[in-house]
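Subject: Structure handover

Hello,

Please find the structure below, followed by notes on what turned up in it. Comments are welcome once you have had a look.

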Amino acid sequence: MNRDLARGLTVAWALPEFRDGLRHLVDLDEVTVLLAALSLPDRDREVERSALGLLRSGLDSTQVREAVLLLLERDTVRRPLVAAAVEPLADRPGLVTAVTSAAEDPRVRHEVRAMLDSAGVRELIWRAVDDQVSDNRFGLIRRAAVLFVRHPSARRLGWALRRHGVLRELRHKTWSGAA
């Protein structure tokens with residue numbers, strides 16, 4: 001799991017409204033311990049797998065998923081999360097602007113919700129995450145292709161991200177890195 005994502009989750013976890021929204025649905029102490037372990041530079045794969053397992057079970061639970069998605073609609077929760085997620089990209093201001101713009105777009109959030117509401121899409125996403133954690137690049141690319149071919153919500157999200165320039169900025173890094 002990306003350390004910056006773990007940092008973003010830690011920022012969200014520190015927000016009282018985020019924790020209060022989930023207090024009756026998850027074990028707060030377990031999540032706190034996992035987030036602290038994930039933010040360490042020398043964590044092991046088992047900690048990552050535990051965190052991914054907790055995240056997966058949370059997203060598979062309708063109550064937790066809805067609580068998180070509703071909280072992300074609140075500016076006071078979403079904006080610090082986005083700021084933490086883009087902080088390591090400070091050397092790429094175009095990507096920071098594109099990601100921030102996409103996160104503020106209600107249509108993008110609607111497509112994210114549509115994707116997460118589908119059990120089939122969630123399963124494909126988790127398989128892709130497993131492929132990434134296992135450094136299985138071919139499996140990751142294959143899962144992403146299946147996701148876009150079979151699920152209209154993934155295509156719509158891709159187009160929405162393209163409108164905000166996220167995809168262009170991601171490619172920009174590849175081109176400049178090759179030069």
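Glutamate 73 and arginine 109 form a salt bridge through their side chains, with an N to O distance of 3.2 Å. Glutamate 73 sits in the loop between α5 and α6 (75-86) and arginine 109 in helix α8, so this pair ties together parts that are 36 residues apart in sequence. The two ends differ in burial class: glutamate 73 is partly exposed at 36% relative accessibility, whereas arginine 109 is buried at 16%. Bear in mind throughout that this is a predicted model.

A second salt bridge also reaches α8. In this one the side chains of arginine 65 and aspartate 117 meet, at 3.6 Å from N to O. Because arginine 65 belongs to helix α5 (residues 62-72) and aspartate 117 to helix α8 (residues 106-117), the pair ties together parts that are 52 residues apart in sequence. Arginine 65 is buried, its relative accessible area being 5%. Aspartate 117, with a relative accessible area of 39%, is partly exposed.

How are α5 and α8 placed relative to one another? Their axes are 11 Å apart and the packing angle is about 175°, which makes α5 roughly antiparallel to α8, given that angles over 145 degrees are classed that way. On the α5 side the contact involves Arg65, Glu66, Leu69, Leu70 and Leu72, and on the α8 side Arg109, Arg113, Leu116 and Asp117. By residue class, this contact has four nonpolar residues, five charged and no polar ones. Arg65 and Asp117, the partners in the salt bridge just described, are both among the contact residues. Arg109, which pairs with glutamate 73, is another of them.

The next group centres on helix α6. Aspartate 75 makes a salt bridge with arginine 79, and their closest N and O atoms are 3.5 Å apart. Both residues lie in helix α6, four residues apart, or about one turn of the helix. Aspartate 75 is partly exposed, with a relative accessible area of 35%, and arginine 79 is partly exposed as well, at 44% relative accessibility. The pair is part of a network in which salt bridges that share partners join Asp75, Arg78, Arg79 and Glu104. As for the spacing of two of these members, arginine 79 and glutamate 104 are 25 residues apart in sequence, with 8.3 Å between their C-alpha atoms. Over the whole structure, the search finds 12 salt bridges.

One more helix pair is worth listing. Helix α10 (residues 137-150) and helix α11 (residues 152-163) pack with their axes 5 Å apart and at an angle of about 100°. The two are therefore roughly perpendicular to each other. The residues that make the contact are Leu147, Phe148, Val149 and Arg150 from α10, together with Pro152, Ala154, Arg155 and Gly158 from α11. They divide into five nonpolar, two charged and one polar.

Now the chain as a whole. Its secondary structure consists of 12 helices and zero strands. The chain has 179 residues, of which 36% are buried. Taking contacts between residues at least 6 apart in sequence, 66% join residues at least 24 apart. The salt bridges from arginine 65 to aspartate 117, 52 residues apart, and from glutamate 73 to arginine 109, 36 residues apart, are examples of links between separate parts of the sequence.

Finally, confidence. The mean pLDDT of the chain is 79, and 79% of its residues reach 70 or more. Where in the chain is confidence lowest, and where is it highest? The lowest value belongs to helix α1 (residues 3-14), with a mean of 67, and the highest to helix α7 (residues 93-104), with 94. Over residues 174-179 pLDDT stays under 50, and for this stretch the model has zero contacts beyond four places in sequence.

Regards

Methods. Residues are numbered from 1 along each chain as its sequence is written. This is a predicted model: local features need pLDDT of at least 70, side-chain atom pairs count only at pLDDT 80 or more; totals for chains, interfaces and linings use all residues. Side-chain values use heavy atoms; hydrogens and water are left out. pLDDT is the predictor's confidence in each residue, from 0 to 100. Contact means heavy atoms within 4.5 Å. A salt bridge is a side-chain nitrogen of Lys or Arg within 4 Å of a carboxyl oxygen of Asp or Glu. Buried means under 20% relative accessible area, exposed over 50%, partly exposed in between (1.4 Å probe, protein chains only). Axes are lines fitted to C-alpha atoms, for helices over the stretch in contact, and angles run from 0 to 180 degrees between N-to-C directions. Angles under 35 degrees count as roughly parallel, over 145 as roughly antiparallel, 65 to 115 as roughly perpendicular and the rest as oblique. Ala, Val, Leu, Ile, Met, Phe, Trp, Tyr, Cys and Pro count as nonpolar, Asp, Glu, Lys and Arg as charged, and the others, Gly among them, as polar.
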